[in-house]
Amino acid sequence: MGFLSESWLVNKVALGRAGSVVKFSHSFTVAEWLRLLPFLGVLALLGYLAVRPFFPKKKQQKDSLINLKIQKENPKVVNEINIEDLCLTKAAYCRCWRSKTFPACDGSHNKHNELTGDNVGPLILKKKEV
């Protein structure tokens with residue numbers, strides 16, 4: 001007897017006119033449901049594989065990194081700047097991690113924004129005018 005033999009299916013399914021309607025003659029037992037599980041699993045897998053190309057693709061881990069090269073040997077990059085030490089009235093600090101003069105901003109975010117469609121800009125510190 002095969003896995004899903006014809007006689008077993010014929011006993012379970014009664015076809016209507018021209019085979020258009022499927023009517024179950026009686027409910028399945030637990031053993032019969034267990035017998036159908038591999039078949040239903042294959043159908044589910046085929047359905048998933050058929051619709052998977054229409055789902056948006058996930059970004060790779062490497063693409064989601066922000067800091068690509070600055071202080072990679074450190075577990076966390078932290079820069080501390082005392083406002084009292086600010087000799088200019090205004091200073092711009094990098095937030096895109098692309099600056100060649102990090103932590104100071106050199107305008108690299110402009111190229112980054114053009115390439116990625118991002119809108120990142122610098123952190124600007126100003127001295128209070130007294």
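Buried means under 20% relative accessible area, exposed means over 50%, and partly exposed lies in between, using a 1.4 Å probe and protein chains only. Keep that scale at hand for the tour.

What you have open is a predicted model, where local features need pLDDT of at least 70, side-chain atom pairs count only at pLDDT 80 or more, and totals for chains, interfaces and linings use all residues. Residues are numbered from 1 along each chain as its sequence is written, and side-chain values use heavy atoms, with hydrogens and water left out.

**The whole chain**

Start with a cartoon view. You will find three helices and four strands, taken from DSSP runs (H or I of at least four residues for helices, E of at least two for strands, numbered from the N terminus). Along the sequence they are arranged as α-β-β-α-β-α-β. Of the 130 residues, 16% count as buried. Switch on the surface next: about 11200 Å² is accessible, and carbon and sulfur atoms hold 60% of that area; the values come from the Shrake-Rupley method with a 1.4 Å probe, and for residues only the protein chains shown count as cover.

**Residues 33-51**

Now select 33-51. An unreviewed UniProt entry gives these residues the feature "transmembrane region"; UniProt positions appear here in the numbering used for this model, feature names are shortened, and annotations may be inferred rather than shown by experiment. In the model the stretch is 100% helix and 0% strand, with its end C-alpha atoms 26 Å apart.

**Phe102 and its surroundings**

Move on to Phe102. Is this residue buried or exposed? Phe102 is buried, because its relative accessible area is 19%. Leaving out residues up to four places away in sequence, Phe102 touches Ile70, Val77, Asn79, Cys94 and Trp97, where contact means heavy atoms within 4.5 Å.

Add Ile70, Cys94, Cys96 and Val120 to the selection, and together with Phe102 you have the largest nonpolar core, five residues in total. Such a core is a set of buried Ala, Val, Leu, Ile, Met, Phe, Trp, Tyr and Cys residues joined through side-chain atoms within 4.5 Å.

Next, show the ring of Trp97. The count of aromatic pairs comes to one: Trp97 and Phe102 are stacked, 4.9 Å centre to centre with 20° between the planes. Rings of Phe, Tyr and Trp (its six-membered ring) pair if their centres lie within 6.5 Å; planes under 30 degrees apart count as stacked, over 60 as edge-to-face and the rest as tilted.

Stay here for the backbone. Trp97 is in the loop between β3 and α3 and has a positive phi of about 70° although it is not a glycine. Pro103 belongs to the loop between β3 and α3, and the peptide bond from Phe102 to Pro103 is cis, with omega near 15°.

**Val77**

Select Val77, in the loop between α2 (30-51) and β3 (90-93). Val77 is partly exposed because its relative accessible area is 22%. Beyond residues up to four places away in sequence, Val77 touches Asn67, Ile70, Gln71, Trp97 and Phe102.

**The cysteines**

How many disulfides are there? The count is zero, taking a disulfide as a pair of cysteine sulfur atoms within 2.5 Å. For Cys94, the nearest cysteine sulfur is that of Cys96, 3.8 Å away. For Cys105, the nearest is that of Cys94, at 5.9 Å.

**Last stop: His109**

Finish in helix α3 (residues 108-116), where His109 lies. His109 is buried, with a relative accessible area of 12%. Its contacts, not counting residues up to four places away in sequence, are Cys96, Val120, Gly121 and Pro122.
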